[in-house]
Every structure is written in C-alpha cells, then in structure tokens.
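Hi everyone, thanks for coming. Please bring up the model on your screens, and let's walk through it together.

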Amino acid sequence: MLLHELAGIGRDPDGGVTRFAWTRDDAELREWFSARARAAGLDVEVDGNGNLWAWAGGDLPGRAFVVGSHLDSVASGGEWDGPLGVAGALAAVEQLRASGWQPQQPFALAVFADEEGGRFGVACLGSRLLTGAMTPDRALSLRDDDGTTLAEAMTSAGFDPARVGADPRRLAGIRAFVELHVEQGRMLLPGGARGLAGAGAPLGVASEIWPHGRWRLDLTGRADHAGTTALADRDDPVLSLARAIVAVRETAEELDVLATVGRVRVHPGAVNAIASRASLWIDARGAEPERVRALVARIEERSAAAAVEESWTAVTRFDRALTADVSAVIDGDVPVLPSGAGHDAGVLALAGVPTAMMFVRNPTGVSHAPDERAEESDAAAGVRALAELIRRQTA
Ligand code: GLV
Ligand code: MN
Ligand code: MN
C-alpha cells in the first residue's frame with residue numbers, strides 16, 4: 001500500500017505516528033502528496049485554507065466529483081486514519097490511468113488540512129474554514145501548547161493567513177464527495193455483528209456520523225506550599241479535576257453516551273506546590289445529541305464550573321443516492337455502519353454537499369493508537385472499488 005511510503009514521517013518510539021498540522025512533518029507529507037499526484041498526471045493546487053486539491057479534467061465544464069481525506073494524525077496515532085483515503089485515492093487514480101482513463105467531468109483528490117485538531121484543539125479545521133463552519137478570526141487565534149497561534153504556525157509554514165476563510169465558489173464546484181477511511185471501533189450492526197470483522201465483510205459504507213463535541217472545563221483553586229498547608233486549609237483544583245474525570249465516566253454510563261477525558265492540564269504543574277488551576281477536556285459523542293448535551297450539563301452542575309464549548313458537530317447523515325452508488329461498486333453484502341468518529345466528509349455533508357464514506361475493515365477495531373490496522377488485501381479491495389466509483393462518476 002502506497003501509504004507505507006510515509007512510514008518514516010512523524011514516527012514515534014512507541015510505533016505510532018504524530019503528524020501535527022503546519023509542522024515540518026506536515027510539510028513532508030504535503031510534498032510527498034504533491035509529487036505523487038503530479039506523477040499520476042494530476043494538477044496540484046493549494047487553497048487559502050491550506051487544503052490540497054489534485055485535479056484531473058479541472059477545466060472541463062460541470063461540477064467536480066471529489067474524493068479524499070487527510071494526512072495529519074492525533075498524537076501517537078495510527079498510520080491508516082486519513083492516509084488510507086489519500087494514498088488509496090492516489091492508487092485508484094494510478095489504476096485508472098493505467099487503463100486509459102480520461103475523465104469526462106472534473107475530478108479532484110482533496111487532502112484536508114488539520115483534520116484531527118491534534119495541535120490547535122479543533123478538528124476538521126481545513127474543511128470547517130472552507131465551508132464557513134468556523135470563522136477565520138476564531139481559527140487564526142487558536143493556540144497550541146507552546147502558545148503559537150494558528151496564524152503564526154501557518155506563516156512559518158509559508159502560508160498566508162490573510163487567505164484563510166470560507167470559499168463558497170470552491171464549495172459550490174463540488175458535485176459529490178466520497179471519503180475512503182479505515183474502520184474505527186466495532187460498531188453494532190443491525191443483525192448483531194460487531195463491525196466489519198464481525199460481519200465478515202472487507203468493506204462497508206457509512207450511514208451517519210454521531211453528533212460530537214469537545215468542551216474544556218477550567219477549575220480554579222488557591223496556590224500554596226505542598227509542605228506547609230494543612231489539608232483542611234487547601235483549595236486544590238486537582239481534587240476537583242479528579243472528581244470531574246470520574247463524574248464524566250459515571251455520567252456517560254448513566255446516559256449511554258461515549259465521553260472521554262484524554263487531556264488535562266495542571267498549572268503550574270510543580271510537584272511540591274498546590275496548583276492554582278487545572279483544566280480538562282471532554283470529548284463526548286452519542287447517537288442522540290440531547291444525551292451528549294445532557295452529559296455536559298450534568299458535569300457543569302457536579303463540578304460547579306461552566307464548560308467552554310470548543311467545537312460541536314451535529315448529527316450528519318450521508319447522501320442515500322451517493323451511498324447506493326458506493327455500495328454498487330463493492331462486491332458482496334455491504335454492511336452499513338454509523339461512525340462515532342468525525343470526518344471532513346461530515347463537515348462537507350453539513351454544508352450541503354452530497355457525501356458518502358467507504359470503510360475498510362479494521363481487524364483490531366483500534367484507532368487513534370498504534371494498533372490501528374487494515375489488511376493489505378482489504379485496502380486493495382477498497383482501492384479497486386474507489387477506482388470503479390471514480391470511473392463511473394466521471395464518465
Ligand atoms: C476525528 O478523528 C475524531 O473523531 O476525533
Ligand atoms: Mn481520526
Ligand atoms: Mn480520519
């Protein structure tokens with residue numbers, strides 16, 4: 001699989017990959033993509049939000065059929081989430097070229113910038129900015145852990161932050177978008193099977209993306225000396241942090257939603273000092289938005305603090321006709337599964353673009369971690385199906 005060419009980029013000692021937006025690794029990934037796309041006869045351009053577009057038949061009349069995904073990762077993530085959709089689409093184009101493909105309608109392969117939000121905290125920044133779901137002002141002032149703003153990071157990567165923002169013309173030029181992606185988790189299917197592995201199917205399609213969001217809870221206390229402050233005199237925000245983390249888990253169980261605290265920050269973080277403040281981030285998702293929001297409300301009540309909403313994405317339903325077109329290029333039974341993970345495909349769907357997703361079986365079900373997997377033969381089946389879909393959609 002072509003994505004193994006990226007194996008050395010952002011490789012962690014634990015076997016995972018860390019590929020944050022606007023870093024040296026990100027630049028290497030972009031250079032790799034541009035060179036590969038040009039070699040496949042595609043014309044590469046970068047939009048004002050840093051998304052890459054590789055065109056075939058870009059000057060043909062009509063709106064474009066677009067496929068694609070992302071190349072960035074979460075911290076210590078797997079190597080399939082994102083790159084499968086990009087490298088798989090490149091491989092599909094190479095197969096089509098070898099069979100003499102000449103698109104009769106515009107086609108593009110898109111690589112969206114900063115899908116994971118690993119550095120600036122908000123996922124799908126490239127597609128949210130393109131569609132206007134996020135304002136340039138808010139995006140450009142986001143800060144990473146070192147205090148660097150997105151505007152500064154883009155500038156040092158050679159991009160002009162003044163060009164960031166909604167791009168309605170480009171958006172209107174997309175007739176349909178399909179994202180090929182590694183399966184994440186083991187979703188319960190209607191017949192009771194868990195995930196594609198349980199169903200014995202190498203490929204599936206998505207029905208919807210669950211509503212999901214990220215919230216920050218800031219807890220304050222009183223800084224003091226660890227060795228001189230009586231326990232009864234302390235106002236320690238780390239205790240509140242611990243209680244809030246447990247409350248997130250208990251409340252998620254009560255409401256039957258998924259909620260995770262995967263990131264905390266304690267200030268100033270000295271071993272021998274009581275902290276002055278502590279923050280935790282809640283990632284919450286579920287089939288019903290009311291329950292997800294109820295979880296956040298209960299945590300606010302239990303911790304007597306207001307949660308700051310950093311992002312929210314409503315339930316996203318994929319286009320039925322386009323999903324049927326995707327199923328039609330897959331051999332055998334095609335399971336239909338919801339996605340608990342967010343995707344650029346979802347952001348485009350919410351902006352009104354007919355959108356669908358194809359999943360490649362993940363035997364471990366693990367994602368956002370080094371054990372994320374797809375078998376080469378399953379990925380190859382996904383590439384063949386995607387090539388046939390592109391051929392039909394551009395005929
Ligand atoms: C993106 O992969 C997300 O769902 O967090
Ligand atoms: Mn992801
Ligand atoms: Mn992804």
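Let's begin with a definition: buried means under 20% relative accessible area, exposed means over 50%, and partly exposed is in between, using a 1.4 Å probe and protein chains only. Keep in mind that this is a predicted model, where local features need pLDDT of at least 70, side-chain atom pairs count only at pLDDT 80 or more, and totals for chains, interfaces and linings use all residues. Residues are numbered from 1 along each chain as its sequence is written, chains are lettered from A and ligands numbered from 1 in the order in which they are written, and side-chain values use heavy atoms, with hydrogens and water left out.

Now, the metal site. Which protein donors hold the manganese ion (ligand 2)? They are D81 (OD), E116 (OE), E116 (OE) and H368 (NE2), at 2.0 to 2.7 Å from the ion. Donors here are N, O and S atoms within 2.8 Å of the metal (3.2 Å for Na, K and Ca); water is not among the atoms, so sites may look incomplete. D81 also coordinates the manganese ion (ligand 3), which sits 3.7 Å from ligand 2.

Are D81 and H368 buried or exposed? D81 is buried, because its relative accessibility is 4%. H368 has a relative accessible area of 35%, so this histidine counts as partly exposed.

Next, look at L189. This leucine is buried because its relative accessibility is 8%. Leaving aside residues up to four places away in sequence, L189 touches G195, A199, P335, V336 and L337, where contact means heavy atoms within 4.5 Å. L189 and L337 are 148 residues apart along the chain, yet their C-alpha atoms are separated by 6.5 Å.
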